[in-house]
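Visitor: I have some questions about the model below. Can you take them as they come?
Guide: Go ahead.

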There are 2 protein chains.
Amino acid sequence: MNYNHIKFMKLALEEAKKAKECDEVPIGAIIVKNNEIISLSFNTVEKDKSIIMHAEIKAILEAQKKLDSWRLEGCSLYVTLEPCLMCCGAIVLSRIKRLVYGAKDLKTGAVNSLYNTLNDKRLNHNVEVVQGVMELESSLLLKDFFKDKRKRNG
Amino acid sequence: MNYNHIKFMKLALEEAKKAKECDEVPIGAIIVKNNEIISLSFNTVEKDKSIIMHAEIKAILEAQKKLDSWRLEGCSLYVTLEPCLMCCGAIVLSRIKRLVYGAKDLKTGAVNSLYNTLNDKRLNHNVEVVQGVMELESSLLLKDFFKDKRKRNG
């Protein structure tokens, strides 16, 4: 396993933990270009009352602002959970080079689980995919969050 | 054809024309609930330098703000062009009831053209679809825009 992938995924996990502290589903994302961090973010769907505010979308919005361009060529997106349809669409549209993710999302994942959108030759951009980086840590963080939530809700 | 669908699609087309005036790809969207307009928007990808800023995403963001909830249950989204993967993902996540669209997008459409995401029984929400409302007008607006752009670019 590439050492950088682990280093950057650890940072994405730190972001996911920030989401948990705010009682948001713990998912974190970061965007990296030439080994430099361009943006860090975590899921704030509940706080912002918008399902657009997935960690990946927020990381993309911030990176586009920082690089002053909608093209994120040469960028890698690290995210703790397999992205959904919306986020995969945004990843393709913004020309991200590589996606590195942690845990699989069997219910809504659109990279390998339900769809293979990042490798669809009919689209005008394809994305390299590295999966399973710190998979256990990402997955446990989510499982514990939902277990605690069920307990609290009786 | 339902008269309301035409009435609301005409408003979405007016939004698309505003995009054209700003030299943006002319696509417009509106969200309606109980016959009341909740949000109107048009594509501003170039101005905002972000591919997240599709007309549909902007309409959803505004509607979620206005209704103070990420759940857009009972809402209809009218958009002049068949939505892409990102926008279809956002439509499903926000629980929109009905999508009404104008022209097909054979290259990236994710409602009927490349994918059938809004009718995927594996997802936890499905969306009613009405297609082809003011299709010709929506399609001509786009064709003319790209023809003019090619001319200007020599």
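Visitor: How many salt bridges are there over all chains?
Guide: The count is 18 over all chains, a salt bridge being a side-chain nitrogen of Lys or Arg within 4 Å of a carboxyl oxygen of Asp or Glu. This is a predicted model, where local features need pLDDT of at least 70, side-chain atom pairs count only at pLDDT 80 or more, and totals for chains, interfaces and linings use all residues. Residues are numbered from 1 along each chain as its sequence is written, chains are lettered from A and ligands numbered from 1 in the order in which they are written, and side-chain values use heavy atoms, with hydrogens and water left out.

Visitor: What does Glu15(B) pair with?
Guide: Glu15(B) forms a salt bridge with Lys18(B), at 2.8 Å from N to O. The two are about one helical turn apart, because they lie three residues apart in helix α1 (residues 3-21) of chain B. Helices (H or I, at least four residues) and strands (E, at least two) are DSSP runs, numbered from the N terminus.

Visitor: And how many salt bridges cross the interface of chain A and chain B?
Guide: Two. In one of them Lys49(B) meets Asp68(A), with the closest N and O atoms 3.2 Å apart.

Visitor: Which elements of chain A touch chain B?
Guide: Those giving two or more residues are α2 (45-48), α3 (55-67) and α4 (85-93) of chain A. α4(A) gives the most, with five residues.

Visitor: What kinds of residues are on that side of chain A?
Guide: There are 16 nonpolar, seven polar and six charged. Ala, Val, Leu, Ile, Met, Phe, Trp, Tyr, Cys and Pro count as nonpolar, Asp, Glu, Lys and Arg as charged, and the others, Gly among them, as polar.

Visitor: How many residues does each chain put into the contact?
Guide: Chain A gives 29 and chain B gives 29, contact meaning heavy atoms within 4.5 Å. The copies meet through the same surface, because 100% of the interface residues of chain A are also interface residues in chain B.

Visitor: What rotation superposes chain A on chain B?
Guide: A rotation of 180°, with 0.0 Å of shift along its axis and an RMSD of 0.0 Å. That is the relation of a two-fold axis. In chain A, Met86(A) has the C-alpha nearest the axis, 1.9 Å from it. The superposition is by least squares on the C-alpha atoms of residues with pLDDT of at least 70 in both copies.

Visitor: What ipTM does the predictor give the complex?
Guide: The ipTM is 0.96, and the pTM is 0.96.
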